[in-house]
Amino acid sequence: MLRHTSTRIYSLAIVLAIVTILCGACSREEARESGEPGVGARTARQPNPLRDAYFGDLHVHTRFSSDAFIFNTRSTPDDAYRYGKGEAIEHAGGFQVQLSGEPLDFVAVTDHGEYLGVYSSFTDPEGALSQTSLARTVLGATEAASIREAFQRMRQLRMSGELARELAGWEPAHRSAWQETIAAAERHYAPGEFTTFVGYEYTSAPDSQNLHRNVIFRGRGPDLPFSATDSPNPEDLWAWLDERRAEGIEALAIPHNSNGSNGQMFRLESFDGKPLDAAYADLRMRNEPLVEVTQVKGTSDTHPMLSPNDEWASFEIMQLRIATTIPSDVPGSYAREAYRNGLALEESSGFNPFKFGLIGSSDTHNAAGSFDEESFFSKVGKLDDTPEKRGSVPRTAQPTTGVVATTAPTQPAMGQPYADTYYNLWGASGLAGVWAEENTRESIYDALRRKETFATSGPRIRVRFFAGYDFADDLASEAGAVETAYAGGVPMGADLAARGEDAPRFLVWAMRDPTSAPLQRLQVVKGWVDGGEGRERVFDVACSDGLAPDPATHRCPDNGAAVDLASCSATADRGSAELSRLWSDPTFVPGQRAFYFVRVLENPTCRWSTWDAIRAGVEPNPELPATIQERAWSSPIWYVP
């Protein structure tokens with residue numbers, strides 16, 4: 001029943017069976033994906049003990065973030081939640097933006113904790129801060145050049161230590177904005193239909209090395225956030241979270257953009273340069289069970305330098321430190337290497353500080369995540385609101401306005417034909433996926449805490465992953481597959497304890513987003529320790545179109561999917577709506593520590609930069625990838641001797 005069937009023969013009966021077996025009690029909008037007639041508006045789901053997939057964004061900035069306000073974003077937390085619920089809101093560039101697909105299931109507004117709400121208070125003519133020279137600079141910055149000048153002035157004041165003096169008396173505005181952040185989350189929370197989380201971003205960046213974390217509260221949160229102005233050391237944030245937890249305020253932190261950390265996010269020593277130990281690992285894992293592995297500023301799964309035998313490792317790589325053009329060191333900056341190093345530490349020293357699950361999110365600074373390649377509107381307000389500004393279309397003497405060019409551009413401007421920025425490296429990513437009993441704060445938060453999570457680069461691809469020892473050969477076609485897998489195994493995010501010399505079996509499954517491309521291949525990424533060193537290997541375990549992995553190379557044959565770059569139309573009869581497999585590791589060694597996670601790839605489609613060029617009537621920027629293979633990653637399962 002769960003064979004690798006091509007979309008061209010994918011019947012309604014098979015889809016509904018798959019929904020029943022592996023999707024659980026899916027919502028009516030999910031049934032609509034499979035062609036069920038008569039499906040109407042979005043409705044709340046009933047709690048499902050076998051859990052459903054929910055999609056959300058846990059990284060959204062509004063006017064309360066200092067940088068977003070400088071970028072001319074004036075949207076509020078209320079606007080961010082309205083956008084998540086499917087409504088249109090106004091972009092800083094003067095046009096409307098709206099989700100291209102279904103509403104999200106959950107959203108957290110995570111404005112920067114440092115001076116949260118202070119810059120937006122500049123617009124209050126009665127406030128003392130509106131009279132400062134910085135306020136005049138920021139409010140007068142309405143075009144790209146002056147916005148960059150205002151942003152650089154803010155950075156210079158901060159780095160010199162003068163920002164606190166310039167913003168003297170900022171505390172009331174900060175406290176008011178934080179209380180409004182909480183109030184907006186409360187206003188828009190609709191248990192069973194739409195979940196909001198109180199949150200903020202802790203924004204430590206010593207020497208522009210990204211050590212940022214989003215802090216997500218299970219409930220209303222504390223009186224004030226702990227920010228990098230309190231301490232740039234993430235270990236102090238973790239200690240603060242422990243203190244709040246002792247008071248009954250439960251929260252977790254989620255690092256992001258390790259790719260821009262210059263090797264500091266997953267370094268093999270503490271912030272102060274001390275050797276890692278079990279106490280450090282316990283503190284970190286208690287407070288940071290997840291990592292945001294993909295977002296607009298790049299993907300932090302791996303890098304070709306770290307995974308030379310992974311043909312798909314070079315995916316939306318942005319290898320720059322935060323808000324600079326300074327290169328970021330690769331070692332210590334990517335999640336998969338951290339997994340390998342964590343296994344090696346566990347083998348040698350008995351602790352693992354890198355045993356985290358995965359999510360994606362947007363990091364939008366427009367109060368609205370841009371998840372779709374075709375309608376991409378980027379990240380930083382007026383700085384990248386046109387194709388010309390983000391480097392996908394040549395600059396012209398008469399710049400275009402809006403999301404896309406409405407007429408063919410004139411001759412390129414003199415000199416460099418494309419804007420000299422790093423915005424062309426950004427991606428239309430990403431989303432957080434969770435498997436939860438219902439769409440409530442408690443249920444979704446608990447899924448985050450137990451790491452039953454997955455990340456996508458934008459499409460709503462569903463992924464399930466289980467491991468056990470007694471899974472029957474026909475489990476994938478069993479009507480109660482999920483119930484059996486939970487009862488006799490463990491899901492993504494969990495440990496599987498070794499059982500003698502028995503080899504585990506893995507139930508691997510993915511379903512496409514029906515508004516995106518069909519699936520091309522289903523993979524398992526394995527990491528292990530050999531001679532004290534971390535190793536890895538990628539296995540294709542299921543192929544589209546009835547194809548099968550080569551038993552020697554463990555790679556699927558080419559399924560023939562292609563993209564016409566003149567129109568962005570893709571091959572119509574290639575790829576699968578669903579892929580699944582009960583898989584055993586052919587290289588398994590009893591007692592050898594290992595992790596396994598799933599990666600699923602779609603057929604190739606046009607990247608956002610190619611869509612921009614087609615609408616503008618020009619050739620795609622030859623320096624940028626023309627196509628992309630959207631994907632999803634599960635959290636790992638760890639095999640523990």
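**Exercise 1. Decide whether Ser-544 is buried or exposed in this predicted model, and describe its surroundings.**

Solution. Ser-544 has a relative accessible area of 1%, and buried means under 20%, so Ser-544 counts as buried. As for its place in the chain, Ser-544 lies in the loop that runs between strand E18 and strand E19 (563-564). Turning to the side chain, we find that Ser-544 and Asn-559 are joined there by a polar contact of 3.1 Å. Once neighbours within four places in sequence are left aside, the residues in contact with Ser-544 are Leu-519, Gln-520, Asn-559, Gly-575, Ser-576 and Leu-579.

**Exercise 2. Work out whether Lys-297 is buried or exposed, and find which side chain makes a polar contact with its own.**

Solution. Begin with the location: Lys-297 sits in the loop between strand E8 (290-295) and strand E9 (298-299). Its relative accessible area is 10%, which is to be compared with the limit of under 20% for a buried residue, and Lys-297 is therefore buried. The partner in the polar contact is Asp-363, whose side chain is 2.3 Å from that of Lys-297. Asp-363 also appears among the residues that Lys-297 touches, and that list, which does not count residues up to four places away in sequence, further includes Asn-257, Asn-259, Met-318, Ile-322, Lys-379 and Trp-426.

**Exercise 3. Check whether the span of helix H11 agrees or disagrees with the expected value, and state what its buried residues pack against.**

Solution. Helix H11 covers residues 335-349, and its 15 residues, at 1.5 Å a residue, should span 21 Å. The C-alpha atoms at its ends are 20 Å apart, which agrees with that expectation. Next, consider burial: 11 of the 15 residues are buried, so that H11 is mostly covered, and among these buried residues are Ala-335, Ala-338, Tyr-339 and Leu-343. They belong to a buried set that packs against E8, strand E10 (357-360), strand E17 (519-530), strand E18 (533-543), strand E22 (594-602) and strand E26 (637-640). Just after the helix, Gly-350 takes a positive phi of about 85°.

**Exercise 4. Find how many residues the largest nonpolar core has, and follow the contacts of Phe-356.**

Solution. The largest nonpolar core has 100 residues, and Phe-356 is one of those with the most contacts inside it, together with Tyr-200, Leu-237, Leu-522 and Tyr-596. Leaving aside neighbours within four places in sequence, Phe-356 is in contact with residues including Phe-266, Met-285, Leu-290, Val-291, Ala-335, Ala-338 and Tyr-339. Apart from this core lies another, of 32 residues, including Phe-69, Val-138, Ala-141 and Val-380. In soluble globular proteins, nonpolar side chains tend to be buried together.

Conventions. Residues are numbered from 1 along each chain as its sequence is written. This is a predicted model: local features need pLDDT of at least 70, side-chain atom pairs count only at pLDDT 80 or more; totals for chains, interfaces and linings use all residues. Side-chain values use heavy atoms; hydrogens and water are left out. Helices (H or I, at least four residues) and strands (E, at least two) are DSSP runs, numbered from the N terminus. Buried means under 20% relative accessible area, exposed over 50%, partly exposed in between (1.4 Å probe, protein chains only). A polar contact is a pair of N or O atoms within 3.5 Å; within protein, one must be able to donate a hydrogen and the other to accept it, and residues adjacent in sequence count only if both atoms are side-chain atoms. Contact means heavy atoms within 4.5 Å. A nonpolar core is a set of buried Ala, Val, Leu, Ile, Met, Phe, Trp, Tyr and Cys residues joined through side-chain atoms within 4.5 Å. The expected span of a helix is 1.5 Å times one less than its number of residues.
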